[in-house]
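Biologist: I am new to this structure and would be grateful for a close look at its metal sites and the cysteines around them. Please then place that part beside a few other features of the fold.

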Amino acid sequence: MADHYDVLGVDKSATTDEIKKAYRRLARELHPDVNPSPEASERFKDVTHAYDVLSDPQQRERYDLGPQAGFGGGGGAAGFGDIFDAFFGGGGGGQRQGPRSRRERGQDALLRLEVDLEEIVFGTTRDIEVDTAVLCETCNGSCCAPGTSPQTCDICHGSGQIQRTVRSLLGNVMTSSPCGTCRGYGTVIPNPCPTCQGQGRVRARRTIPVDIPAGVDTGIRLQLPGQGEVGQAGGPNGDLYLEVKVRHHDIYSRDGDDLLATLEVQMADAILGTETTLQTLDGEVEVELKAGTQSADVITIRDRGITKLRGTGRGDLKIGVQVVTPTKLSHKERELIEKFASGRRSAAPELSQFQQGLFGKLRDRFLHL
Ligand SMILES: [Zn+2]
Ligand SMILES: [Zn+2]
């Protein structure tokens, strides 16, 4: 995290007046009304935060003492404040010194994302719409009406804490609790921003482009760092998580990185063999059926499955054959088949062990979809 003095471009010994002047100069350059670029907006946030701290003598004193005084601040050091909160209970227990920052990290969000099988074979990009909180453009996260600033709390004099003496079995003990007037912030906002009611953020619908990597599967969560809601008072954004659900496909099912499908083959084609064109997710593929093709034969088309999420390459496309026996025969066809049968010494049907081949497994999977 950049030093607040560096951010404002002033000396450690700068007077309050010099700090104010430096802030005004930078604000004229970076305010979103003047400079709409995202970099400027980001810098303006930092500059405003630095000014908020350094323009308040008590906050400045505490900042000068360093982070052990309980100053999380924004930017890279925000995590420190979070850890502090986790250990000492956020609201400022007895251990914690000094006011807490109004800037808080935004919440993470979890959304469901339904994708089609076609989309995950190669991966895709898609815009999704999210209802979230974004930075208030009126106050740019300062929470104050334009032209006003937070004021040091009269009750706790900026410390954010109220000290009390409590009588206990061990004698009189000093305890401190968060100031009720400023809710522990050390400052109050006499003129809240009218757009965001002093929250520094407003609800909005955002469109976010999402990279859906090839090979994702149902249940996988995609993390989009910094795409959650913006924090209170312009605090850093939370993360957005998308939980993937792959929609059922009418033809293809999935076995790891392989794609599975069934091909119905007419009896005569199975006996004589044929060539056919299949419409796959990769476009048309020529397939040769050998003479004497059996039900449960599997045709494997290499590298036409799903692109692997981890590693390289693709799975295979596996097509289970099902030979279709005709059920309605014309008089003529019946005669031909009878002729065919009479020319062969046909063995009587015989029992053998139940076939639990690959095709059987494929069918089981289909039934469970
Ligand atoms: Zn506002
Ligand atoms: Zn207070």
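Modeller: The account below takes the metal sites first, then the remaining cysteine contacts, and finally some strands and aromatic rings.

This is a predicted model, in which local features need pLDDT of at least 70 and side-chain atom pairs count only at pLDDT 80 or more, while totals for chains, interfaces and linings use all residues. Residues are numbered from 1 along each chain as its sequence is written, chains are lettered from A and ligands numbered from 1 in the order in which they are written, and side-chain values use heavy atoms, with hydrogens and water left out.

Donors are N, O and S atoms within 2.8 Å of the metal (3.2 Å for Na, K and Ca); water is not among the atoms, so sites may look incomplete. For the zinc ion (ligand 1), the SG atoms of Cys-136, Cys-139, Cys-193 and Cys-196 serve as donors at 2.3 Å. Along the chain, these donors are spaced as C-x2-C-x53-C-x2-C. Four donors count as tetrahedral if all angles lie between 85 and 135 degrees; four count as square planar and six as octahedral if opposite donors are over 155 degrees apart and all others between 65 and 115, and anything else is irregular. The angles at the zinc ion (ligand 1) run from 104 to 116 degrees, and its site is tetrahedral.

The zinc ion (ligand 2) has as protein donors the SG atoms of Cys-153, Cys-156, Cys-179 and Cys-182, at 2.2 to 2.3 Å. Their spacing is C-x2-C-x22-C-x2-C. This arrangement is tetrahedral because its four donor atoms subtend angles of 103 to 117 degrees.

Buried means under 20% relative accessible area, exposed over 50%, and partly exposed in between (1.4 Å probe, protein chains only). Cys-136 counts as buried because its relative accessibility is 0%, and Cys-139 because its value is 7%. At the other zinc ion, Cys-153 and Cys-156 are both buried; the relative accessibility of Cys-156 is 6%.

A disulfide, a pair of cysteine sulfur atoms within 2.5 Å, is a separate matter. The count by this rule is zero. Cys-143 illustrates why: the closest cysteine sulfur to its own is that of Cys-139, 5.6 Å away, which is too far for a bond. Cys-143 is itself buried, at a relative accessible area of 0%.

Turning to the strands, helices (H or I, at least four residues) and strands (E, at least two) are DSSP runs numbered from the N terminus, and two strands pair if DSSP finds at least two bridges between them. An open sheet of three strands has the order S1-S9-S8 with mixed pairing. Its edge strands, S1 (109-115) and S8 (221-224), each pair on one side only. Seven bridges link S1 in the parallel sense with S9 (residues 240-246), and Glu-114 faces Lys-245 in S9. Elsewhere, S12 (residues 274-280) and S13 (residues 283-289) run antiparallel and share seven bridges, with a hairpin of two residues joining S12 to S13.

Rings of Phe, Tyr and Trp (its six-membered ring) pair if their centres lie within 6.5 Å; planes under 30 degrees apart count as stacked, over 60 as edge-to-face and the rest as tilted. The whole structure holds two aromatic pairs. Tyr-5 and Tyr-63 make a tilted pair, with centres 6.2 Å apart and 45 degrees between the planes. Both of these tyrosines, Tyr-5 and Tyr-63, are buried. Tyr-23 and Tyr-51 are stacked, at 4.1 Å centre to centre and 5 degrees between the planes.
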